[in-house]
Every structure is written in structure tokens, then in C-alpha cells.
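Here are some short exercises to work through with the model open beside you. Try each task before you read its solution.

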Amino acid sequence: MSTLTDPPNESFRLSMLINDTRYRSLTFQVIAAIVLALCIWYLGNNLIQNLRAAGLNISYAFLGDSAGYDINQRLVEYDSQSSHARAALVGVLNTLLVAFLACITATIFGVIAGVLRLSNNWLVSKLMAVYVEIFRNIPVLIWIIIIFTIMTAVLPGPREFRGDDATSSMLFDAFAFTNRGIYTPLPWFQNGIFESASMNWLLVLAGLGLSWVAAHQINAWANNKQEATGVRPKTLLPVLAAWLVPFLALTMIMGLTWEYPELKGFNFTGGIKVGGPLIALWFALSIYTGAFIAENVRAGIQAVSKGQTEAAAALGLRPRRVMNLVVLPQAMRVIIPPLISQFLNITKNSSLAIAVGYADITATLGGITLNQTGRAIECVLLLMLFYLTASLVISMVMNVYNASVKLKER
Amino acid sequence: MSDTHAQTVAFVRETQIPPAPPPASETGVVKWLRENLFSNAANSALTIAALAVIYMVLQNTLPWILNGVWTTSSLAECREILQGKTGACFSVLTERWNQLLYGFKYPSDAYWRPNLALVLLLFAAAPVLFFDLPRKLLIFTAIYPFLAFWLIWGGTLMVPVVALLGFAAGAAVFQTFGKSSFAIAFFGAIAAAFAVWIAGGMLIPEGASENAWLSPVPSRDLGGFMLNLMLGVTCVSLSLPLGIALALGRQSDMPLIKWMCVIFIEFVRGVPLITLLFVASVMLAYFFPPESTVDLFLRVVIMITMFSAAYIAEVIRGGLAALPKGQYEAADSLGLDYAQAMRLIILPQALKISIPGIVNVAVGLFKDTTLVSVISMFDLVGMIRGPILASTEWNGVYWELLGFAALLFFVVCYGISQYSQWLERRLATDHR
């Protein structure tokens with residue numbers, strides 16, 4: 001017969017701090033906290049001493065001072081009298097612009113290359129493999145410089161468009177491809193409803209939003225009809241009408257006209273100027289990231305098991321519907337998460353704009369403003385804050401989308 | 001049966017016909033072409049389009065490469081020889097070869113030192129990369145970093161020797177106490193290493209580097225492709241252990257350590273490398289003691305190592321998460337403590353799963369070393385954009401230089417990715 005006794009009530013010994021699993025993690029955390037605090041104290045102390053020695057302080061007042069430099073490519077009003085904060089805003093918008101454009105085109109390049117790499121056509125699939133390997137294995141900085149060089153070296157200067165025996169001519173009299181950038185016609189409203197041009201554009205955007213809702217409704221109605229009767233009504237015409245009619249009506253009412261670029265003096269005026277650095281950066285980022293996305297797309301499509309395709313074919317679905325209804329929705333689940341990180345990479349790589357002189361946030365706040373004011377710590381901190389926020393927002397938006405397409409399990 | 005046949009059918013073949021050869025369209029090259037290139041109209045169109053693309057590329061580049069001039073000393077001479085024909089001016093590569101590889105300030109009578117360091121790197125890396133080689137070679141791998149430091153930077157031999165002795169003392173202490181308690185051994189090893197370094201630092205006489213056998217080279221004189229290689233190799237090898245530590249820290253049950261790791265990793269992954277390089281070039285100096293001057297190379301190595309450690313940590317975290325929970329429980333039930341379980345059971349499997357990801361990070365990091373040209377260090381791209389293209393002789397020779405840089409990076413990166421694929425096949429011990 002055995003009796004159960006309480007475990008011996010040990011008194012606390014110092015060695016238990018390291019040998020007893022109940023206390024050990026606490027010990028380690030206390031040590032880590034002390035080390036961390038010491039590090040912060042050491043670095044902070046050095047910082048204070050260095051700043052005092054250099055006669056500096058941490059202050060963001062310089063943001064209100066006049067910047068005193070010009071920026072060619074800008075989305076909002078800016079001149080050299082504007083403040084450093086305004087210059088930073090121009091940079092932020094430029095970063096977002098090139099990142100947004102490059103995300104779209106990189107996805108297009110990537111999807112095309114990824115699908116073509118799986119093609120039955122031997123030559124095409126090998127060609128795509130070469131594209132992917134070449135672009136993945138060469139630094140993006142070199143690609144940006146190469147493409148910028150192509151633009152400036154190969155395209156004609158504005159002067160070659162001049163005179164009766166001009167060596168270059170505008171495409172359709174509307175587009176001019178020069179080594180300073182591409183000039184395209186600018187749409188504007190002759191008799192807009194609002195004073196400011198941007199309000200008119202917002203109105204058009206609102207109209208398009210309504211169209212989207214209407215097209216969505218039509219689709220839902222067709223889906224219900226199909227569920228009920230098994231026959232899907234034809235929706236192409238109504239959807240087209242929902243998209244086009246409000247848009248055309250709005251632009252007709254407001255009198256949409258185009259302002260064409262014209263050669264005046266040494267340069268083109270009028271129209272929209274898309275600067276050479278922007279185009280080089282945009283194209284380089286898209287074609288470089290496109291190679292990575294192509295691999296993601298290929299992996300996603302290959303991850304859908306062959307049985308799925310065969311089962312869909314056995315049900316009598318046509319190849320296109322097999323792709324649209326069976327393969328792609330499943331492949332998307334594999335493709336989306338790496339695609340998110342590629343979009344983040346594009347946003348972060350757009351900071352290489354500084355190499356070709358595109359005025360993004362790194363070039364304005366981290367480049368010229370930093371050099372002019374000497375406020376290194378403040379500028380670099382603001383720069384990091386912006387990129388951190390941008391990364392968080394992008395991954396949040398894409399994660400919401402990811403959650404909506406991912407496998408619904410019990 | 002054959003009898004009745006003879007009466008009902010007019011003709012019966014008694015012998016089998018020898019098999020006819022397949023029609024010409026179903027054999028050999030023609031069949032391959034039909035199946036792979038021209039199986040239907042759309043495919044044929046694609047093939048023709050692809051051929052057109054290939055033709056256009058070759059038409060533009062082949063004459064340019066084949067007409068290349070290799071032996072002039074300036075672009076003007078090149079143009080004179082070419083007389084308006086298309087042709088590359090590769091002589092910029094031959095004339096500026098040393099600048100492209102070593103930068104423009106590295107003493108030319110010391111070029112053999114980085115060369116020797118590179119050759120020795122191959123020997124040092126071999127036992128790490130190929131496990132079939134004898135394990136004894138790892139001793140050389142352990143010595144190599146100090147040897148390479150001495151070869152490239154020159155100066156007195158005492159510095160690397162003291163550094164090596166410090167590590168050796170730490171390792172010895174760890175070996176002695178490692179059996180009884182991991183924590184004591186770990187902290188004891190750190191203390192022993194520091195003791196040796198401090199004592200050794202006092203022993204090195206002032207100005208020992210001045211008349212050393214290898215003349216000292218300051219790190220601002222390093223440049224060219226050598227700088228890219230050095231940054232790549234150093235940062236990858238330093239960030240691997242740091243990345244493992246961060247990944248384990250992020251998996252830890254201790255909230256404080258876990259959150260420190262999470263904040264570090266997410267912060268570093270959220271900002272572009274270029275901002276971290278700005279930190280290295282303009283901000284980090286404020287955080288060092290006022291009298292010290294930490295040179296730019298070291299500051300850049302610190303920042304790039306932190307950067308790639310965060311990415312490697314995420315890759316390894318994926319590997320840790322992919323291990324079945326049973327592996328952790330099995331290690332616990334064998335009575336292994338945390339360090340043993342990690343070293344013997346968990347990490348070997350998790351690292352094996354993470355190899356492709358780690359290699360991707362390494363390749364990406366090596367490509368990213370070109371970014372140091374933005375903070376005015378003269379790596380390969382910095383040399384091309386700065387001193388070479390700005391010189392009067394070679395102003396305008398973009399294609400040859402950029403093409404050469406692209407080729408160098410392609411060869412190295414493609415080589416690494418091929419190695420990783422070989423390694424994956426080699427380590428695939430599960431049965432498929």
C-alpha cells in the first residue's frame with residue numbers, strides 16, 4: 001500500500017533561476033530587457049553627446065522652410081518657393097504613382113510570361129525561361145540604368161522634330177517620343193460643371209463608380225436567373241451600356257477636348273509630359289518584377305492538380321471555362337501571397353529612382369532636402385516612417401483580398 | 001478454318017505485311033516541329049512571332065559584338081577604327097579591367113592579395129557547399145575569414161590572430177562547460193572571447209601596421225566587383241546565424257524576446273535597403289562614441305547584415321512552421337533540452353526545407369550590393385557610373401560597360417541558383 005504525499009515543498013534557491021523551467025524564461029527575459037535597456041541607453045547617450053558636439057538638435061522645423069529647388073515631375077502644385085514638406089509630398093505622390101503603375105504592368109508582364117512558359121510551344125516556353133532567368137539574375141539597379149540609357153540614347157531629341165526636313169515626327173500628330181520624355185495629349189473639359197479641373201474628373205470617376213455598381217447588379221441578376229432556370233441571359237450588351245452610356249454622356253455634356261503637345265522653341269509644350277526617368281523606372285521595375293511574378297504564376301498553375309483539369313473536362317466544360325472556373329480560382333490562392341510581397345518589393349525598389357533622377361520621396365526628402373538642411377536623422381526617420389506605412393497599408397489591403405479568395409474551410 | 005476461308009473470300013494473305021515506316025510527317029525532326037512548334041494556328045503564330053523576336057535581337061547585337069574593338073585607348077580611337085560601322089568598343093573593358101575589378105584606389109602592386117583571397121574562398125567554401133568532402137577541411141573554413149581580412153586589408157598580422165584567438169578561447173570554454181549547462185557555457189564563452197580581445201588589443205603595439213609585411217589598405221580604397229563580392233559573402237555569412245537566432249526568437253514563448261524579434265523583423269522588412277544605407281552613411285555615425293571613427297565599409301556591412309538577417313529569419317520561420325508538431329514533441333519526450341532539441345532535431349530539418357528560400361535571399365542580397373553605389377561607394381556599378389563614364393576617354397561607352405556588369409552578376413547569380421537546385425535534389429531524403 002502506498003500513500004500519496006505532497007511533493008516536498010522546496011524553498012527557493014538562486015540556482016532555480018537558471019535550472020528550473022518555471023523561472024528560467026523569466027530570468028532570460030529580465031536579462032534581455034536589461035541588455036536592451038543598456039543598448040538603448042548607450043546609443044542614446046552617444047547620440048546626445050554627438051549632437052551636442054556638433055551643435056545640432058532634433059527638430060522638424062526645417063520642414064516649413066522654403067525648399068529652394070525645382071522638381072520637374074510633379075502631380076501637385078509646387079515651385080522652388082514651396083516648403084520642404086511640400087517637396088516631400090510631391091515625392092510621396094511620385095513614389096505612389098510609379099509604384100502603382102509598375103504594379104499593374106508587372107502583373108500583366110508576369111501573367112503573360114508565366115502562362116507562356118507553360119505553353120506547349122517549345123520555342124516560346126524556352127524564350128520565356130530565358131527572359132525570367134536573365135531578369136532575375138541581374139540587379140534591378142543595372143536594369144534601371146540600362147533602360148534609362150536606352151531612352152536617352154535611342155530616342156530623338158526635341159530639336160529633331162523641328163523644321164521642314166525633320167528627322168523625327170510625332171505619332172498620329174499626338175504623341176512625341178523624345179529623349180526627355182513622352183508627350184501625350186491632355187484631355188480637358190471646355191464647359192465643365194465645376195470650376196476646377198480636378199472636380200470635373202472626380203465627377204467622371206463618380207460616374208464610373210455608378211457604372212460599376214450597375215454592371216455588378218446586372219451580373220447578379222444574370223446569376224440569379226441562371227440559378228433559377230439554368231439558362232444564363234446574355235449580359236454583354238447591357239454591361240457595355242452600363243459602362244459606356246454614363247461616361248460618354250458626362251464627357252459630351254462637359255465638352256471633352258484634347259490639348260495636343262506642340263513644338264515651341266526648343267521643347268514641346270502643352271499636353272501631358274511623362275518624364276524620361278519616370279518611364280525608365282516604371283518600365284524597368286515592371287519588367288524586372290514581371291520575371292518574379294512569372295515564376296509565381298507558373299508555380300500557382302502547376303500547383304493545381306491535373307485531376308482537377310481532367311474532372312472539369314469530364315463534366316464537359318470547354319477549355320476556356322476549365323481555365324476560368326476551375327484552374328484559375330484555385331491557382332489564385334497560391335499566387336496571391338507571393339504577389340503581395342512582389343508589390344511590396346516594387347514599392348521599396350522604387351526608391352532606386354534616385355539613380356535616374358526621378359523625384360520620388362527618397363530623392364526629395366532623403367536626397368536634396370537632406371543635403372541642403374543637413375538634418376540627416378529627421379529626414380531618414382521620416383523616410384522610413386513613410387515606407388513602413390506604405391508597406392503596412394499595401395499588405396493590409398492585399399490581405400483583405402487574400403482572405404476573400406482563400407479556401408473556405410470549416 | 002483456313003479451308004472455309006479459301007471458299008468464301010477471294011484472297012487471303014497468309015503472311016503478315018512487314019510494318020511500313022511511319023509517314024515522314026510523323027517521324028524525326030518534322031514530327032517534333034509539328035508537335036512542339038506548329039501544333040495549331042495559334043501556336044504557329046506564336047512560333048513565328050518568337051522567331052521574329054529572336055531574329056531582331058540577334059540582328060542588332062551580333063554585328064555589334066563581332067565587330068567589337070578590343071585594343072584602343074579611348075572612344076575616339078574606337079570610332080576611328082570602326083569608321084561608322086556598328087561595333088562595340090570593348091577596349092574600355094581591357095583598358096579599365098583593373099578598375100572594374102578592384103576599384104581605382106586599391107594599390108596595383110597588391111592585386112595578388114584579393115586574387116589569392118578569392119581562390120582561397122573557393123577552398124574555404126567547398127566543404128560548406130559540398131558535404132562529401134572530408135570534414136577536416138572545415139578547419140580551414142574557420143580560419144579563412146581572418147586570413148582573408150589580413151590579405152585584403154593588410155597591416156599587422158596581430159589583429160586577425162588576436163581576433164582568431166578570442167574566438168578559439170570562446171569555443172574552448174563552450175566545449176568545456178557545454179555538457180553541464182548551455183547558459184553558463186554560452187555566457188562564459190562570450191566573456192572569455194572578450195577577455196582575450198581586450199588583452200590582445202593591449203599587446204598590439206601602436207603603429208604596428210605601418211611597416212608590416214603586407215602594406216595596410218584603408219577600406220575606402222576598396223572598390224569594383226571585389227567590393228560587391230566582399231559585401232555579398234560577408235553579409236550572407238554573418239546574417240545566417242543572426243537570421244536563425246531571430247527566427248527562433250520569434251517562435252519563442254517568452255513574450256519580451258518574441259516581440260523584440262517581431263518588431264525588428266517587421267521594421268527592417270518594411271523599409272527599402274536604400275534607407276538603411278542612408279542610415280549607414282549619414283546617421284549611424286551619431287550612435288557611435290564621439291571619439292571613434294567606424295569606417296563606412298563596416299557601417300554598411302552592419303546595415304546590410306541586419307537587412308538580410310530579417311529576410312532569412314522569415315524564410316527559416318517558414319521552415320520551422322512546416323515541421324510537423326510531432327518532431328517537437330518527440331524531441332521533448334526524449335528528454336532533450338531546448339538547445340539540444342533545436343540543434344539535433346528541429347534546425348537540421350527546418351534548414352533543409354528553407355534552403356531554396358535562403359538561396360533566394362542570398363542571390364537578392366548579392367544583387368542589392370550594387371545599391372552601395374548610391375551612397376558613393378565605388379563598387380562595380382559605382383565605378384562605371386562614376387570615374388569611368390565621367391572620364392574624357394570613355395564618356396559615352398554605356399553598352400559595353402553595363403553589359404559587362406550585367407554579365408558578371410548573371411554568371412554569379414545563375415551559378416548560385418543552379419547550386420541550390422543541386423542541393424535540393426541532394427538533400428531530398430524522403431521517398432517520392
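**Exercise 1.** Does Ser376(B) count as buried or exposed, and what is its relative accessibility?

Solution. Before starting, note that this is a predicted model, in which local features need pLDDT of at least 70, side-chain atom pairs count only at pLDDT 80 or more, and totals for chains, interfaces and linings use all residues. Residues are numbered from 1 along each chain as its sequence is written, chains are lettered from A and ligands numbered from 1 in the order in which they are written, and side-chain values use heavy atoms, with hydrogens and water left out.

- Step 1: Find Ser376(B) in the loop that joins helix 16 (338-368) to helix 17 (380-390) of chain B. Helices (H or I, at least four residues) and strands (E, at least two) are DSSP runs, numbered from the N terminus.
- Step 2: Apply the cut-offs: buried is under 20% relative accessible area, exposed is over 50%, and partly exposed is in between (1.4 Å probe, protein chains only).
- Step 3: Ser376(B) has 55% relative accessibility, so it is exposed.
- Step 4: Look at the backbone too: phi of Ser376(B) is near 50°, which is positive although the residue is not glycine. Most residues other than glycine have a negative phi.

**Exercise 2.** Decide whether Asp379(B) is buried or exposed, and list its contacts.

Solution.

- Step 1: Asp379(B) also sits in the loop between helix 16 and helix 17 of chain B.
- Step 2: Its relative accessibility is 0%, so Asp379(B) is buried.
- Step 3: Count a contact when heavy atoms lie within 4.5 Å. Beyond its neighbours within four places in sequence, Asp379(B) touches Gly224(B), Leu227(B), Asn228(B), Thr369(B), Thr370(B), Val372(B) and Ser373(B).
- Step 4: Check a C-alpha distance: Asp379(B) and Leu100(B) are 279 residues apart along the chain, yet their C-alpha atoms are separated by 8.2 Å.

**Exercise 3.** Compare the end-to-end spans of helix 5 and helix 11 of chain A with those expected at 1.5 Å a residue.

Solution.

- Step 1: The expected span is 1.5 Å times one less than the number of residues.
- Step 2: For the 15 residues of helix 5 (residues 140-154), this gives 21 Å, and the end C-alpha atoms are 21 Å apart, which agrees.
- Step 3: For 13 residues a straight helix would span 18 Å, but helix 11 of chain A spans only 16 Å.
- Step 4: Just after helix 11, Gly374(A) has a positive phi of about 70°.

**Exercise 4.** Trace what the buried residues of helix 11 of chain A pack against, using Thr362(A) as a guide.

Solution.

- Step 1: Thr362(A) belongs to helix 11 (residues 361-373), and at a relative accessible area of 0% it is buried.
- Step 2: Apart from neighbours within four places in sequence, the contacts of Thr362(A) include Leu383(A) and Tyr387(A), as well as Ile274(B) and Phe278(B).
- Step 3: The buried residues of helix 11 pack against helix 3 (84-117) and helix 12 (376-405) of chain A, together with helix 13 (273-283) of chain B.

**Exercise 5.** How many helices and strands does chain B have?

Solution.

- Step 1: Chain B has 18 helices and 0 strands.
- Step 2: Its radius of gyration (over C-alpha atoms) is 31 Å, well over the 22 Å from the globule rule for 432 residues, so chain B is more spread out than a compact globule. That rule is 2.2 Å times the number of residues to the power 0.38.
- Step 3: Along the principal axes, the C-alpha atoms of chain B fill a box of roughly 115 × 80 × 40 Å.
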